[in-house]
Every structure is written in structure tokens, then in C-alpha cells.
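Thanks for coming. I will go through one structure today, starting with a term we need and then moving from the whole chain to single residues.

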Amino acid sequence: MPVDAADSLAENGLEGFNVDAASRGEEPPASPGTAAAEEAVAVDFTGVMPPGKTADYAILSWVNIATGVIGEEFLPESSGTVAMEPGEYHLLVLMQDLDEFHSITGMVDLSVGTEGAQAVFDGTRARTVAFTVDRPVEPAASTFLMFSFEPGTKDGIGSGLIAQEPWSYSALPTRGGLDGREVGLEMQQELVSPAGTAEPYSYSLIGEHRNGIPNRPGFRICDAELARVEADYHGLGVETTTMVRHDIAVRDGSAGLNLRAGTVDVPSERTEFYTAAPGLTWIHLGTLGEGESTNDMVVRRSGEMSPGETTTAAWQRAPLSVGLEAGTPAFTPGFYLYGEYGFAQFAPLMFSSGADGEAIDSNGLDGWSRLARDGQVVAESETGSGLDLDATLIEDGWYTFTAKAGRAVPWTPLGTLSVAEWTFPMAPSGTNMALPVSVVDFAATGIVDGYATAGTTQQIDLAYTPQAGTEPQACTAMTLEVSFDDGITWQQVPIDRVGDRATAELALPQVPGFVSVRFSAADASGAIVEHQTLRSYGIA
């Protein structure tokens, strides 16, 4: 349950909330816990809080061990009566102290007879669940889930919290489950160095207990047990700005929750520690202009890392140019037909990054987007960020998607205007699929914090890159042009192309200014892409 939903929950109970469905692979029953109300008996619940803490409410979740029937109930404060059928149960309890930003959770083995039952949850026995690390830290965000699952599955019940702010937890020590059920807890937390730390650092950690809750449920983790990333946050032409960081854990291909990982000054450096395990990867997000109508979301990915491994990450390195989202368990490609759901999405990245393994998604851009078939407009929008299309409008044929996006933002003077056009085939489909579009990816040497040095010669690398999830096509043509006067005039740059890749040299003017770029490319299928970006990077 999100913390920001607490006030509504306290006022309205569980109406409108699905507290435990995220932990099981099924839709919740229409009326949880009341499948056979005529046989239900009264269960009196009493929750006891530790001294100095007060329960604003309690959430009870239960599963009948024999039948698998589940139920849940919201109780104001920490006591009340619920209706349950006779049987043996796992009863999960979550009590919240909103003043102290604290949650107490645990499981009770409950036997309900034909005359009812008494259930007492003694929160005074709960033990602190927290990460202890090698350095001083402050909590940033966390998720916490206690569960009772069928062995080897996610089927059952879970009760927990999502907090995008500092929050603390304790849990009642509990043995393993009845009939071999998997009983335990999962915790993910983002920790950051205290404000003013000369060399900032952060931790993105995951801990779990899967065979009951031990008497000491906290997690002690040393830096040497974690993967270490030396992150370099590049500026894009301004002296300083702020990026809001989030991380998403991806375990065995399943993306978890998006947790706030503090803020970083840009430009700056930060040492970042991550839980490393087989099947675990991370998606890293950084937002510039958070809360504004126009903003940039920088997306990076870490592959599977190893404990003790040290790698580097260079964030938002110019040049800026048009790009495509590569596609991950958390993000579908930008040009995508959701045939199963009846719509298509056209969402190019109009000011993306030249850094490896990175994409920048700009939202709320001025401009327009348009989709045409055989010269006839099919759909259009009044934004340069793209458009969605009703799939019933799609006919078999060749389409042209065009987008024009402009912006003026405080975090960079770069990337003021991009125009892009794709010509590609598309046909109706009842399945989900990436559309066959491509871009010319662009990298250039000698750019630091968005600027290259005047009078130097740069090495240019180009790559014809199809969108992830599409059939690869051989590049048949590619061009590069540059402008040093914001697109008033353009000059051709000779390239040396071998297949899908090309190289070039670019001699920069002796005076400060900006470099604008324009590309075109075609492939063996007949698909064409043309895109340009004004002020891709600066000259200083």
C-alpha cells in the first residue's frame, strides 16, 4: 500500500484498495473472506502496540490452509471483530503508526472453531527489520512485504507497504509455515549518504527471509558483498542542477517497484552500491525537471552484477540526438503495437543521449506528431512527444510518422529542436509487437559536460540501430550533415560506412557555438529514417 494512500484508507477502509493482490497470481475475490458467509463465525482480534506507539489502523489478511480461500479486513485503530469460516489459518497483521512512520507486521497461526476464536497480536515482541551497512546512511525509500505463499509459488497472501520517504519496520519472529507453506518477508530499501557528505554514496539493497522470521530479522551487509558502481553525472551545459534518482530491481525478468534513490547534483560523482545476485539486474532512472510539465527521464540499465565487482557509469553524456527506447521488462519500445489491447504507440526519444546503455525520454514537448498512410493523415497530436492510435485505424500498408519537438528548459541549453521522420510497413495484428523502425545512433569524442573544445578534430561513430524486438535489416544507405549556425546552413560530412556502422572525422570551428546534426538512413526492407537535432552539443 502506498504511504500517500494512508489518509484515504484510514477514512474509507479497504474500499478501492487491493492490499494483497500484488503478491498473488490472481484477481481478488469480489468479497474477500465471505465466500460462505452463512458459516462464518466471529473472530475477535486484538493488536498490542509497543510502548510509545499507537496504531492508526490495522490490516488483516488471511488464508485458509486447507481450502486456499483468502480474505482481508481493515480495522480502525488495532482491534475489532472479523467474520471467518472455521478452519486453520495464516493471519497476517500489518499495524501502522502514521505519526512515527512505522509499521509492525507478523503472522499468527490461527485455529477458528465453530464457536469463533480470539486472536492476539503482540507487537511488543516485534523486532526491528533494517539494513546495517558499513557507512553512515539516511533512508530514502523502501518496500516491505510479509507473505504466506504456496511452496514454490507466489500464490497466497501478502501484506506490506511502499514508502517513497523514510519509514521504519519491525516484524514478529515467526516459525516456518503450516503444511510447508513459505512464510517470510521481503524488503527493498534505498539508503543515501547524509547531507553534506564530501564524497556522496548510496545503497540499493534487497533482503529476504523465506522460512519464517528469525529473532534477529535485520540484514547486515558489507560493502565488499555488493556490486559497486562509480557513477559520473555529467552536466549538459549548465553550472549546476539537480537530478532525482530512482531504481527498479528486475528479478528473473520481472520488474519490481520504482523507489526513490535520493537526489544528486549535476555535474557530480557518486559511489553506488547494489545488491548483486543471479537473475537480478537494475534499471536506474534520473529525472530532470521533476514535477514540471516538461521534464527529462534518463534511463540506464545494469546487467547482472557480481558481489565485489566495480563498474563505471557515465550519465547523460552529449551529444543529444533522436533515439529509440531499447525495451526492458519495465519499458516497452517506443514504437509499439499493442494488438491485444487495441492501440498503437508512437513515442520517439527526441533528445536522447550519446552514452552507451542509456536513453533519455523527454515529456511534455512543444510541437506536433503526425501519422500518415499513402499521404493521408491517420492521426496527429499537438505534442512533439508522440501519439497513440486506435488499432482499428490500422490497415496493411506503408506509413510515415513525423514528429517535431522544441523546448527551452533550465537544466540544459542543448537540444532545442528535433525533427524526425520514419517510413515503415505496418499491418493489423492481434498480438503485441515492436514496429520496424530504426535510428542512426551517434557518438563523438572529446565532449565533457555537453561541450567539446573549439578547434579540435572529433572522431565520430555512427550505427544504424533497429528498434529492439524487430527483425534485423541491413543498412543500405547513410548520411551525416552538420550545422554550426543552428540549422541555417548544412554541410555534408564524408563517412566511411561498413554495413550498419560508419565513422567520420569532424573539424570544429575555432569559435564557441553549437553543433547541430542531421542524419538519414535506409535499409534493405525499404524503411527510411531522417532525423535532425539543433544544438546537439556545444563548442567552448
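First, the term: a residue is called buried when its relative accessible area is under 20%, exposed when that value is over 50%, and partly exposed in between. With that cut-off, Glu-290 is partly exposed, because its relative accessible area is 40%. I will come back to that residue later.

What you have in front of you is a predicted model. The average pLDDT over the protein chain is 89, and 91% of the residues reach at least 70. There is one stretch to treat separately: over residues 1-37 the pLDDT stays under 50, and there the model has 68 contacts beyond four places in sequence.

Now the whole chain. The protein chain contains 1 helix and 42 strands. Its C-alpha trace spans about 85 × 55 × 40 Å along the principal axes. Of its 540 residues, 52% count as buried. The exposed area is about 22,800 Å², with carbon and sulfur atoms supplying 49% of it. If we take contacts between residues at least 6 apart in sequence, 70% of them join residues at least 24 apart.

Next, two of the sheets. In what order do the strands of the open sheet of 3 strands come? The order is E4-E1-E7, and the pairing is mixed. E4 and strand E7 (117-122) are the edge strands, each pairing on one side only. From one strand to the next, the twist averages 25°. Inside this sheet, strand E1 (residues 41-48) pairs with E4 in the antiparallel sense, over 6 bridges. Within that pairing, Val-43 stands opposite Val-82 in E4.

Ala-83 also belongs to strand E4, which covers residues 79-84. Ala-83 and Ala-42 are 41 residues apart in sequence, yet their C-alpha atoms are 4.9 Å apart in space. As for its surroundings, Ala-83 counts as partly exposed because its relative accessibility is 43%.

The other sheet is also open and has 6 strands, in the order E3-E2-E5-E6-E12-E8, again with mixed pairing. Why do strands E3 and E8 each have one side without a neighbour in the sheet? Strand E3 (70-76) and strand E8 (127-129) stand at the edges and each has a single partner strand, so one side of each is left open in that sense. The twist here averages 25° from one strand to the next. Further in, strand E6 (residues 102-112) and strand E12 (residues 168-171) run parallel and are joined by 4 bridges. Ile-104 has Ser-170 in E12 as its bridge partner.

On to charged side chains. In general, side chains of opposite charge can pair when their charged atoms come close. This structure holds 21 salt bridges, and I will show three.

The first joins the side chains of Lys-154 and Glu-186, at 3.2 Å from N to O. This pair links distant parts of the chain, 32 residues apart: Lys-154 is in the loop between strand E10 (138-149) and strand E11 (156-163), while Glu-186 is in strand E13 (residues 182-192). Are the two partners buried or partly exposed? Lys-154 counts as partly exposed because its relative accessibility is 44%. Glu-186 is buried, because its relative accessible area is 13%.

The second is between Arg-228 and Glu-230, whose closest N and O atoms are 2.7 Å apart. Arg-228 is partly exposed at 29% relative accessibility, and Glu-230 is partly exposed at 28%.

The third brings us back to Glu-290, whose side chain meets that of Arg-260 at 3.5 Å, N to O. Here too the pair links distant parts of the chain, 30 residues apart, with Arg-260 in strand E18 (residues 254-266) and Glu-290 in the loop between strand E20 (280-288) and strand E21 (295-302). Arg-260 is partly exposed, with a relative accessible area of 28%.

There is also a network: salt bridges that share partners join Lys-154, Glu-182, Glu-186, Glu-208, Arg-210 and Arg-251.

Last, one residue towards the end of the numbering. Gln-532 lies in strand E42 (residues 528-539). Gln-532 counts as buried because its relative accessibility is 18%. Leaving aside neighbours within four places in sequence, its contacts include Val-322, Leu-417, Trp-490 and Arg-518.

That is the tour; I will take questions now.

Notes. Residues are numbered from 1 along each chain as its sequence is written. This is a predicted model: local features need pLDDT of at least 70, side-chain atom pairs count only at pLDDT 80 or more; totals for chains, interfaces and linings use all residues. Side-chain values use heavy atoms; hydrogens and water are left out. Buried means under 20% relative accessible area, exposed over 50%, partly exposed in between (1.4 Å probe, protein chains only). pLDDT is the predictor's confidence in each residue, from 0 to 100. Contact means heavy atoms within 4.5 Å. Two strands pair if DSSP finds at least two bridges between them. Axes are lines fitted to C-alpha atoms, for helices over the stretch in contact, and angles run from 0 to 180 degrees between N-to-C directions. A salt bridge is a side-chain nitrogen of Lys or Arg within 4 Å of a carboxyl oxygen of Asp or Glu. Accessible areas come from the Shrake-Rupley method with a 1.4 Å probe; for residues, only the protein chains shown count as cover.
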